[in-house]
Every structure is written in structure tokens, then in C-alpha cells.
Amino acid sequence: MVEVRTRLTYEDRRTAILDAARHEFARKGFRGAGTADIAARCGCSEPMLYKHFASKQELFAAVLIHTGALVGQRVDALLDESGDSVTTALVEVAELAATDELIVEVMRLRMLAASLVDEPAVRAALDDNMRFMRARIVAMLARARDRGEVRSDLDLEHVAWLWVGFTLSCGFRHALEPETALEDSPFVARTFVQMLSLNTDAEETE
């Protein structure tokens with residue numbers, strides 16, 4: 001019996017390339033990840049890869065955008081599951097940052113992208129990625145503030161940048177001390193959320 005191979009659609013092939021590239025870039029870095037290895041990982045030829053992405057820089061930029069959207073979907077799902085507590089959802093996101101392969105890879109890709117900001121396509125993708133992430137965190141914190149879960153005196157944009165710093169520190173810990181990162185990331189996240197929830201002196205005197 002002859003095996004019939006199903007030909008992937010353009011979008012399915014593109015997604016397969018992006019997923020393979022995410023793994024390769026996260027593990028080997030921008031220069032260490034070869035387009036031939038990426039193509040082999042997703043079962044296509046290198047010329048086919050270049051039909052979808054004109055350059056390695058363009059591919060890396062597309063990976064940043066694609067994975068940012070995937071993480072956003074993961075966070076939205078956690079919010080739906082956590083019910084009314086936004087701060088609980090934030091801690092759950094941090095726990096995923098210690099265990100979830102996709103989120104660990106995204107953290108590593110963001111650190112890598114910071115070293116490639118002289119590439120216009122990468123810079124634009126990183127800017128979009130960070131804006132998307134910060135906007136999501138600001139929206140979550142605004143919802144928490146309206147419900148009295150976090151302090152009312154916070155500048156949410158600044159807190160969102162602190163959250164970016166927290167996720168990047170998780171990436172460093174995973175790279176340098178993976179076992180410690182697994183143990184400590186949830187504790188650090190709970191400390192972060194606790195700081196947001198503390199009453200200010202002004203509030204206590206009202």
C-alpha cells in the first residue's frame with residue numbers, strides 16, 4: 001500500500017517553520033541556529049524555508065511575534081481559569097515561567113533579541129512584543145486595582161516594566177541555575193504580588 005503524504009497548507013508550513021525556529025534559536029542562539037537545521041526540524045527543505053522568510057533576521061523577528069501571541073493565549077487561558085483573582089493568575093503565570101517550555105523559550109528569545117536590536121526587523125518585532133506584553137499586564141493590573149486586589153497608588157506602566165524585568169530575570173536563572181529557577185520563580189512572583197498588595201502609609205491613615 002502506497003503511503004499518501006498530506007501536503008501542508010502555506011499557513012501550516014509557516015507555523016511549523018516558526019515552531020522549529022523557536023526551539024533552535026532558544027537553544028543555540030541566533031548565530032548558532034542554522035536555517036538548514038531549522039528546515040530539517042520541521043521536515044522541509046532550506047529553499048522552502050526561504051520561500052516563507054527572506055532572511056534569517058526576518059525569521060527570527062517572525063518567531064518573536066508568533067511566540068508572543070502564543071504566550072498571550074496561554075495567559076488569557078489562565079485568567080479564565082483563575083476566576084476573579086487577577087493576582088492569583090499572575091502567580092500562576094510565574095509558576096509556568098518556571099516549568100513551561102514555551103514560556104522559558106520566549107524568555108530566552110527576548111534576551112537574545114536585545115542583543116540584536118541593530119537589526120531593524122528584530123528591533124521592530126521586539127518593540128511590538130514588549131508593547132503587547134506590557135499592555136496585557138497593565139490591563140490585568142487595572143482590573144485587579146478596580147477590585148481592590150492591588151494598591152491604588154501604583155503607576156501601572158512602571159509596574160509592567162518591573163514585570164518585564166522579573167520575566168527576564170527568570171530567563172537568566174534558567175540559563176545559569178535551572179534547578180534553582182524551578183524552585184524560586186513562584187516564590188519570587190508571590191513576593192512581587194505581595195508588594196503590589198501592600199497598603200501605603202497614606203492609605204492606612206485615611
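Rings of Phe, Tyr and Trp, the last taken by its six-membered ring, count as a pair if their centres lie within 6.5 Å. In this predicted model, that rule gives four aromatic pairs, and the tour starts with one of them.

Select Phe25 and Phe30 first: their ring centres are 5.9 Å apart and their planes meet at 10°, so the pair is stacked, since planes under 30 degrees apart count as stacked. Phe25 is buried, at 1% relative accessibility, and Phe30 is buried as well, with a relative accessible area of 9%. Add Phe60 to the selection, and you have one aromatic cluster made of Phe25, Phe30 and Phe60. Then show Lys56, which lies over the face of Phe30 at 4.9 Å from the ring centre.

Next, go to helix α3, which covers residues 46-52, and pick out His52. Is His52 buried or exposed? With a relative accessible area of 9%, His52 is buried, because the cut-off for that word is under 20%. If you leave aside the neighbours within four places in sequence, the residues in contact with His52 are Tyr10, Arg13, Arg14, Ile17 and Glu58.

Now select helix α6, residues 101-114, and compare its length with expectation: at 1.5 Å a residue its 14 residues should span 20 Å, and the end C-alpha atoms are indeed 20 Å apart, which agrees. The helix is mostly covered, with eleven of its 14 residues buried; among them are Leu102, Ile103, Val104, Glu105 and Arg110.

Keep Arg110 displayed while you turn to the cavity. How many cavities of 30 Å³ or more does a search of the whole structure find? The search finds one, and the largest cavity has a volume of about 210 Å³. Its lining consists of 18 residues, of which Val71, Val75, Arg110, Met133 and Trp163 lie nearest the centre. Colouring by helix is useful here, as α4 (56-82), α5 (86-99), α6, α7 (120-146) and α8 each supply at least two residues of that lining.

For the last stop, follow Trp163 from the cavity lining into helix α8, residues 156-176, where Trp163 and Phe166, being three residues apart, are separated by about one helical turn. In an α-helix there are 3.6 residues a turn, so residues three or four places apart point the same way. Both Trp163 and Phe166 are buried. To return to the rings, note that Phe25 and Phe30 are a stacked pair. Trp163 and Phe166, in turn, form an aromatic pair that is tilted, at 5.0 Å centre to centre and with 45° between the planes.

How values were computed: Residues are numbered from 1 along each chain as its sequence is written. This is a predicted model: local features need pLDDT of at least 70, side-chain atom pairs count only at pLDDT 80 or more; totals for chains, interfaces and linings use all residues. Side-chain values use heavy atoms; hydrogens and water are left out. Helices (H or I, at least four residues) and strands (E, at least two) are DSSP runs, numbered from the N terminus. Buried means under 20% relative accessible area, exposed over 50%, partly exposed in between (1.4 Å probe, protein chains only). Contact means heavy atoms within 4.5 Å. The expected span of a helix is 1.5 Å times one less than its number of residues. Rings of Phe, Tyr and Trp (its six-membered ring) pair if their centres lie within 6.5 Å; planes under 30 degrees apart count as stacked, over 60 as edge-to-face and the rest as tilted. A charge sits over a ring if NZ of Lys or CZ of Arg is within 6 Å of the ring centre and within 35 degrees of the ring normal. On a 1 Å grid over the protein atoms alone, a cavity is a set of points where a 1.4 Å probe fits but cannot get out, and a pocket is an open set with protein on both sides within 12 Å along at least five of seven lines; lining residues have an atom within 4 Å of a point. Grid points are joined across faces, edges and corners, and a volume is the space filled by probe spheres set on the points.
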